[in-house]
Amino acid sequence: YVSTVNEQIALLDDLLLKIRDIITNRIERNLKLIAQLQLVDLSCDSFTLDNFLSIQDETVKRQTTVLVTKHGEVEEAVSDLIKLVGSFCIGGAEAGVGEHDETELRRYYSRLMYRSVLS
């Protein structure tokens, strides 16, 4: 009995390490990077309107590419997190993730993504 409990605790500990890794290295890291993106380039002290528009157009194109890529990485990480938790076996059966819980988790990270873009 004790060895079975210890095995289950070890499996749970492994699950928690994997969850922490996904959240820290794949989700939070990308959200922080998104929050640090500068969507406007004001590096020049003096410029004409046409020059300003040209610089901003290039900046927006460049940052949009980064933003789309990082958003995709966060979405993939959230999906992986849901799969990981859902596939965890408790007493020989998969735990699963309810549709409501999955929706709430996705909504939570969607709000964090929105806040990161705004900051």
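In the predicted model, a nonpolar surface patch of about 410 Å² is formed by Leu-39, Val-40, Leu-42, Phe-47 and Val-117. One of these residues, Leu-39, lies in the loop that runs between helix H1 (2-36) and helix H2 (49-86), and its relative accessible area of 41% classes Leu-39 as partly exposed, because that class covers values between the 20% limit for buried residues and the 50% limit for exposed ones.

Val-117, which also contributes to the patch, takes part in the packing of H1 against H3, where Ile-23, Ile-27, Leu-31, Ile-34 and Ala-35 of H1 meet Tyr-109, Leu-112, Met-113, Ser-116 and Val-117 of H3. The axes of H1 and helix H3 (residues 99-118) are 7 Å apart and enclose an angle of about 30 degrees, and the crossing of H1 and H3 is right-handed.

Two residues with amide side chains were also examined. Gln-63, placed in helix H2, has a relative accessibility of 13% and therefore counts as buried; when its neighbours within four places in sequence are left aside, Gln-63 is in contact with Leu-37, Gln-38 and Leu-39, the last of which belongs to the nonpolar patch described above. Asn-30, by comparison, is located in helix H1 and is likewise buried, with a relative accessibility of 1%. Once residues up to four places away in sequence are excluded, Asn-30 touches Lys-70, Glu-73 and Val-74.

Technical notes
Residues are numbered from 1 along each chain as its sequence is written. This is a predicted model: local features need pLDDT of at least 70, side-chain atom pairs count only at pLDDT 80 or more; totals for chains, interfaces and linings use all residues. Side-chain values use heavy atoms; hydrogens and water are left out. Patches are made of residues with over 30% relative accessible area and no salt bridge: like charges are joined within 9 Å, nonpolar side chains (Val, Leu, Ile, Met, Phe, Trp, Tyr) within 5 Å. Accessible areas come from the Shrake-Rupley method with a 1.4 Å probe; for residues, only the protein chains shown count as cover. A salt bridge is a side-chain nitrogen of Lys or Arg within 4 Å of a carboxyl oxygen of Asp or Glu. Helices (H or I, at least four residues) and strands (E, at least two) are DSSP runs, numbered from the N terminus. Buried means under 20% relative accessible area, exposed over 50%, partly exposed in between (1.4 Å probe, protein chains only). Axes are lines fitted to C-alpha atoms, for helices over the stretch in contact, and angles run from 0 to 180 degrees between N-to-C directions. A crossing is left-handed if the near helix is turned anticlockwise from the far one by less than a right angle, and right-handed if clockwise. Contact means heavy atoms within 4.5 Å.
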